[in-house]
Amino acid sequence: MGKNKKNFERETNVSTKVSADKAKTKVNGGVFVYTGAISAGELAKTLNIPLGEVIKFLFMQGKMVTINTILDDELIGLVCLEFGYDFQKKHIVAAENFEEVEIHDDPSKLKPRAPVVTIMGHVDHGKTTLIDAIRNSNLVAGEVGGISQEIGAYQKEINGQKITFIDTPGHEAFTAMRSRGASVTDIVILVVAADDGVMPQTIEAIDHAKSAGVPIIVAINKMDKPGADPERVKNELMQHDLIAEDYGGDVICVEISAKQKTNISALLETVLLVAEMKDLKANPDRYALGTVLEAKLDRNEGPKATLLIQNGTLKEGDYLVVGSSYGKARRMTNEFKKVLKEASPSTPVSVIGLAEVPEAGDRFMAFAEESEARQIAMKRKLLKEAKEKNKSSAASLEDLYAMANSDDVQTINIIIKADSTGSAEAVKTSLEKLTTDKIKINVVRATSGAITESDILLASASKAIVYGFNVRPDAKTRAKAEEEKIEIRLHNIIYALIEELQAAMKGMLKKELVEKVTGQAEIRKLFKVSKIGTIGGCMVTDGVIKANSLVRVIRSGVVVFEGKLASLQREKDQAKEVKAGFECGMLIENYNDIKEGDIIEGYEMVEGE
């Protein structure tokens, strides 16, 4: 398989062999030794057992498999024991799992690489204007409403050293990539407007940067404005455990004006200083590995992806495995559309020649031969399909039972959203007190407001449970949570929330009545009827609303009333239920203070699984 195979095996201590008959697995002295996932067909062949016997045995265990089904460790063990073999798994990463590789380069081959910096902060605090000032270009003028529309990656040279900047639409994109296992950022620059201070999105950006475990440099922007107050910004940051150096902490704050291009050099020098402390290095003399920053289908050029080279050098003509597909680097260009023959570590390049459009966060690796790339991509596709079929939630209360009975100290991450800041802090303090010698409760975020898609992304990246106290997710957020397999627990009584978590931690979580949301409707018009009350003219926006249903009234994401439907009408007639896309009239029992724009959420109590 050429130079790439030798490099991969020698410098990462892993095997690049893909098939069982090429010694990926072996049976020696009755012990089946394997290094990773293997298909039912490969296992049967290696153990010299008829495939039909393996499929029949697993069918009797309640598992439907085919020749190409990828078996997990448990199924491999069951088959081995049934047919008289012992088994042993060796922790050697196969080539198809190259993102799991721990690279061990010869120190003499390592060379300093440019730091990769992500700029984050509240909307309109000057993120793109700062990039504009750094690049001496005019990005803002070409953007709708002056807001970033897509991820861009740019390089800047200062004092002979390069810095790579990733300008994202916000922390959601940053975290979406992390939730898929892609850690691309070395340093985060947090932009805070000196005249505005710490805002909700600033806090969210801090949470996401902390969760990623990367150093934060604070750029206090808009120092040219009359109301600029950097000391206020530093004091507000202290409330979120970001303590400035001049206050005795370790967070570097740089006062700038992106608009006036003031102190930009000092900010860049600070980035280089932090990068020097991190001692960032890579080996340019290997086949490239890295991450997809963005991708799209170009009408003229086909699948097109922006790749960040994180190690090695990508050369024109290299074969690539990107995500679960393969292709060839037919042409590479930088941010100025200049054609490149090669790209070294920390360089972002736009590449055409891929077979499919990859996803942001997909990992890639270059290979010497097309056949090898195709073979590995095929294996990765099978693995991906198997994982998606068996995908489980990031974290759940049931996980705590297993943790409670484990000998190791475990951490359960929790995100708290409440109807007020005071409630959020109260819940946070109460939950953190539940930490035991076996289970540590780590509150990743505790803020006021509705449960949003940003919370779900953060939960996915940090493997957290989301707790809502007197707040609700909307239908779109709930759908995102189901897609990401994130558990949302909702309460309106603080001691009930605490008792639930305590019971779970003690392994006492019992099946009981649980809430099932049936649908949501939005109030579009109000009709006040004497002797009856206020009827809401509604549009069912999600699911179904049922007559006599339990309901709650949600205003700006906060629950303002819980009760029961007194009447449900459809075109002047009583209705048993009204589905999404249809209008209806609703009267809520003992509650008339409904307003236009309120969300009526219908739910029922059912037995938990």
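Which helix holds both E484 and K480, and how many residues apart are they? Let's start there, everyone. Both residues sit in helix α14, 4 residues apart, which is about one turn of the helix. Their side chains meet in a salt bridge, with 3.7 Å from N to O. Are these two buried or exposed? E484 is buried, and K480 is buried too.

Before we go on, please keep in mind that this is a predicted model. The chain has an average pLDDT of 82, and 82% of the residues score at least 70. Over residues 1-25, though, the pLDDT is below 50, and this stretch has 77 contacts in the model beyond near neighbours in sequence. Residues 141-151 also stay under 50, and there the model has 19 contacts beyond four places in sequence. How should we treat such stretches? Where pLDDT is low, the predicted coordinates should not be read in detail.

Back to salt bridges, then. The structure holds 33 of them, so I'll show you just a few. Take E500 and R489: their closest N and O atoms are 2.7 Å apart. This pair links distant parts of the chain, with E500 in helix α15 (residues 494-505) and R489 in strand β26 (residues 488-491), 11 residues apart. E500 and R489 are both buried. There is also a network, in which salt bridges with shared partners join R472, R478, E515, R552, E562 and E601.

For another example, look at K304 and E301, whose side chains form a salt bridge of 2.9 Å, N to O. E301 is partly exposed, with a relative accessible area of 27%.

Now for some backbone angles. Most residues other than glycine have a negative phi. Which residues here go the other way? One of them is D241, which is not a glycine and yet has a positive phi of about 65 degrees. You can find D241 in the loop between α8 (230-238) and β12 (252-255). D241 is exposed, as its relative accessible area is 61%.

N470 is another: not a glycine, with a positive phi of about 65 degrees. Where is N470 found? Look in the loop between β25 (464-469) and α14 (475-484), the helix we began with. The side chain of N470 makes a polar contact of 3.0 Å with the side chain of D419. Leaving aside residues up to four places away in sequence, N470 touches D419, H491, N492, V558 and V559.

Let's finish with a little sum you can follow on the screen. Helix α7 covers residues 200-212, which makes 13 residues. What span should we expect at 1.5 Å a residue? The answer is 18 Å, and the end C-alpha atoms are 19 Å apart, which agrees. Within α7, the buried residues include T202, I203, E204 and A205. I206, D207, H208 and A209 are buried in α7 as well. After α7 comes G213, with a positive phi near 70 degrees.

So, to recap the opening pair: E484 and K480 share helix α14, and their side chains meet in a salt bridge. Thanks for listening, and do have a look at the structure yourselves!

Notes:
Residues numbered from 1 in each chain as written. Predicted model: local features only at pLDDT ≥ 70, side-chain atom pairs only at ≥ 80, totals over all residues. Heavy atoms only, no water. Helix = DSSP H or I, 4+ residues; strand = E, 2+ residues; numbered from the N terminus. Polar contact = N/O pair within 3.5 Å; in protein donor to acceptor, adjacent residues only side chain to side chain. Contact = heavy atoms within 4.5 Å. pLDDT = per-residue confidence, 0-100. Buried < 20%, exposed > 50% of the residue type's maximum accessible area, 1.4 Å probe, protein only. Salt bridge = Lys/Arg side-chain N within 4 Å of Asp/Glu carboxyl O. Expected span 1.5 Å × (residues − 1).
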